[in-house]
Amino acid sequence: MHKRNEMMDRPVINNEVREFLRTDQKQLDGFLKDLQTEATEKRNPVIPHETVTFFIWLLGQLKPEEILEIGTAIGFSASVFAKYTNANIQTIERNPTMIEKAEDTFQQQGLTDRITILEGQAEDWLEKIPENSVDFIFMDSAKAKYYDFFPYCMRILKKGGVLAVDDVLQGGTILQENEEIPKRVRKIHKKMNRFLDLVMDHPALTTSIIPIGDGLLLITKERAIDFKRFN
């Protein structure tokens, strides 16, 4: 049983537009369609269809050779990346249940030679991955850790590479005052705002927030800089 995430039910655009983006854009087929449908029915944490279609377009432009994902879950987004690119993919996951499900997902598609699951804590793996070795990073893990993971991502990412960060608008609550946020999620709210304050206007980065899903932040690394000193 997954913990209820109320942000999944709070669109950052109106419901009619969200449903249009999810149902009228080109749909997946085959195994990925079945996996998407099952995940939606079971409330498994996967990217919504509007984010899927955007990634298919984006990756077609970027043509990455090396992809890193932080937060594997059941392996849906990594499977999308594998289908629509020729990249080698590494994906970090610490939850044994998710690892087991993702392994099954990749095995059923014959993707075990292209997708490597890095089992364990993200911080440990992010320290080991070589500098300037990845073209595209997708960060979709613990939201309170985005700020902490960011310096590692910038070290790993090549110049001109893109970091995509999911769920940055927090169901539209990101602009609310801290006192208005339920106590159990105030840490996430505070750290997410701190993260956005750091990256949105930084001279070494080009950034844009796309209002799909729960807000997708795109960051291009324009030049090398050590962000660890900002922690």
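Strand β7 is mostly covered in this predicted model: five of its six residues are buried. β7 spans residues 216–221, and there are strands paired with it on both counts I want to go through.

Take β5 to begin with, residues 157–166. β5 and β7 pair in the antiparallel sense, over five bridges. One position to look at is D166, whose bridge partner in β7 is L216. The other pairing is with β6, residues 205–210, where six bridges join the antiparallel strands β6 and β7. Here T207 has I219 of β7 as its bridge partner. β6 and β7 form a hairpin with five residues between the strands. In that hairpin, G213 takes a positive phi near 60 degrees.

Now the core. The largest nonpolar core has 34 residues. Which residues have the most contacts inside it? They are F55, F76, F81, F136, F138 and L216. So L216, which I mentioned as the bridge partner of D166, is back on this list. The elements that give two or more residues to the core include the helices α2, α3, α4 and α5, and the strands β3, β4, β5 and β7. A second, separate core has 33 residues, among them L163, I174, L196 and V199.

Helix α4, residues 76–84, is mostly covered as well, with seven of its nine residues buried. Those are F76, S77, A78, S79, V80, F81 and A82.

F138 has contacts with S77 and F81, and also with L216. Leaving aside residues up to four places away in sequence, F138 further touches I47, F55, L68, E69, I70, A164 and D166.

F138 also brings us to the cavity. A search of the whole structure finds one cavity of 30 Å³ or more, and the volume of the largest is about 60 Å³. What lines the largest cavity? F138 and D140 do, together with P45, V46, I47, E69, G71, T72, A73, G75, F76 and S77. By class, that lining is six nonpolar, four polar and two charged residues.

Last, S141. S141 sits in the loop between β4, residues 134–139, and α7, residues 146–156. Is S141 buried or exposed? Its relative accessible area is 18%, and the cut-off for buried is under 20%, so S141 counts as buried. Setting aside residues up to four places away in sequence, S141 touches I70, G71, Y146 and F149. Of these, G71 is one of the residues lining the largest cavity, and I70 is also touched by F138.

Key. Residues are numbered from 1 along each chain as its sequence is written. This is a predicted model: local features need pLDDT of at least 70, side-chain atom pairs count only at pLDDT 80 or more; totals for chains, interfaces and linings use all residues. Side-chain values use heavy atoms; hydrogens and water are left out. Helices (H or I, at least four residues) and strands (E, at least two) are DSSP runs, numbered from the N terminus. Buried means under 20% relative accessible area, exposed over 50%, partly exposed in between (1.4 Å probe, protein chains only). Contact means heavy atoms within 4.5 Å. A nonpolar core is a set of buried Ala, Val, Leu, Ile, Met, Phe, Trp, Tyr and Cys residues joined through side-chain atoms within 4.5 Å. Two strands pair if DSSP finds at least two bridges between them. On a 1 Å grid over the protein atoms alone, a cavity is a set of points where a 1.4 Å probe fits but cannot get out, and a pocket is an open set with protein on both sides within 12 Å along at least five of seven lines; lining residues have an atom within 4 Å of a point. Grid points are joined across faces, edges and corners, and a volume is the space filled by probe spheres set on the points. Ala, Val, Leu, Ile, Met, Phe, Trp, Tyr, Cys and Pro count as nonpolar, Asp, Glu, Lys and Arg as charged, and the others, Gly among them, as polar.
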